[in-house]
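Here are my notes on this model, point by point. Please read them with the structure open.

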Amino acid sequence: MGLETEKADVQLFMDDDAYSHHSGVDYADPEKCVDSGHDRDPRQLNSHLKLGFEDVIAEPVTTHSFDKVWICSHALFEISKYVIYKFLTVFLAVPLAFAAGILFATLSCLHIWILMPFVKTCLMVLPSVQTIWKSVTDAVITPLCTSVGRSFSSISMQLSHD
């Protein structure tokens with residue numbers, strides 16, 4: 001039985017059809033999984049995390065370890081990735097989801113009740129400010145610039161070579 005299991009393991013890791021390049025070995029039985037057909041990342045927000053053993057560890061054609069070492073490394077990589085992820089989600093998923101909920105609720109509240117009313121008020125007041133600014137510019141800055149321009153225009157310079 002040991003030899004048959006070893007051959008099955010070798011076949012599992014060598015057969016490209018049995019091993020999905022991006023998703024790893026399927027450890028959960030699809031019939032036992034509650035949401036086996038449900039896509040938890042429908043907008044592909046974390047598509048960069050879909051990587052397998054060959055994406056992280058790759059041996060070039062000229063350099064190969066022993067087949068058993070490669071198979072064991074592959075199995076340990078996939079199992080540790082699976083187990084550690086499950087372990088971390090058990091302890092971190094609920095508190096981090098709670099913290100993210102508080103953060104996004106706070107940001108939404110600030111955006112809805114403070115930021116947008118401020119922006120809308122500024123946009124509403126802007127035409128009045130524009131009218132006042134134009135009046136100040138026409139009454140103060142335009143005559144000042146005109147006077148300075150006329151003063152400088154009356155200056156003439158002559159250069160001589162002595």
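1. Gln44 is partly exposed, because its relative accessibility of 39% falls between the limits of under 20% for buried and over 50% for exposed. Keep in mind that this is a predicted model. The residue sits in the loop between α1 (2-14) and α2 (53-56). Its backbone deserves a look: Gln44 is not a glycine, yet its phi is positive, at about 55°.

2. Next, the overall fold. The chain has three helices and zero strands. Along the sequence the pattern reads α-α-α. Helix α1 spans 2-14 and helix α2 spans 53-56. Helix α3 takes in residues 67-153.

3. How much of the chain is buried? Of its 162 residues, 7% count as buried. The exposed surface comes to about 14200 Å². Carbon and sulfur atoms supply 68% of that area.

4. On contacts, consider pairs of residues at least 6 apart in sequence. Of the contacts between them, 62% join residues at least 24 apart.

5. Now the aromatic residues. The structure holds three aromatic pairs. One of them is Phe53 with Trp70, in an edge-to-face arrangement. The ring centres lie 4.8 Å apart, and the planes meet at 65°. The geometry is called edge-to-face because the angle between the planes is over 60 degrees.

6. What does this pair tie together? Phe53 lies in helix α2 and Trp70 in helix α3, so the contact joins parts that are 17 residues apart in sequence.

7. Are the two partners buried or exposed? Phe53 is buried, with a relative accessible area of 1%. Trp70 is partly exposed, with a relative accessible area of 21%. The cut-off for buried is under 20%, so Trp70 at 21% falls outside that class.

8. The aromatic group extends to another residue. Phe53, Trp70 and Phe77 are linked into a cluster by ring pairs.

9. Finally, the record. An unreviewed UniProt entry annotates residues 83-104 as "transmembrane region". In the model, residues 83-104 are 100% helix and 0% strand. The end C-alpha atoms of this span lie 29 Å apart. The label comes from the UniProt entry, whereas the helix content is computed from the predicted model. Such annotations may be inferred rather than shown by experiment.

Note on methods: Residues numbered from 1 in each chain as written. Predicted model: local features only at pLDDT ≥ 70, side-chain atom pairs only at ≥ 80, totals over all residues. Heavy atoms only, no water. Helix = DSSP H or I, 4+ residues; strand = E, 2+ residues; numbered from the N terminus. Buried < 20%, exposed > 50% of the residue type's maximum accessible area, 1.4 Å probe, protein only. Contact = heavy atoms within 4.5 Å. Areas by Shrake-Rupley, 256 points an atom, 1.4 Å probe, with all protein chains shown as cover. Phe/Tyr/Trp six-rings, centres within 6.5 Å; stacked < 30°, edge-to-face > 60°.
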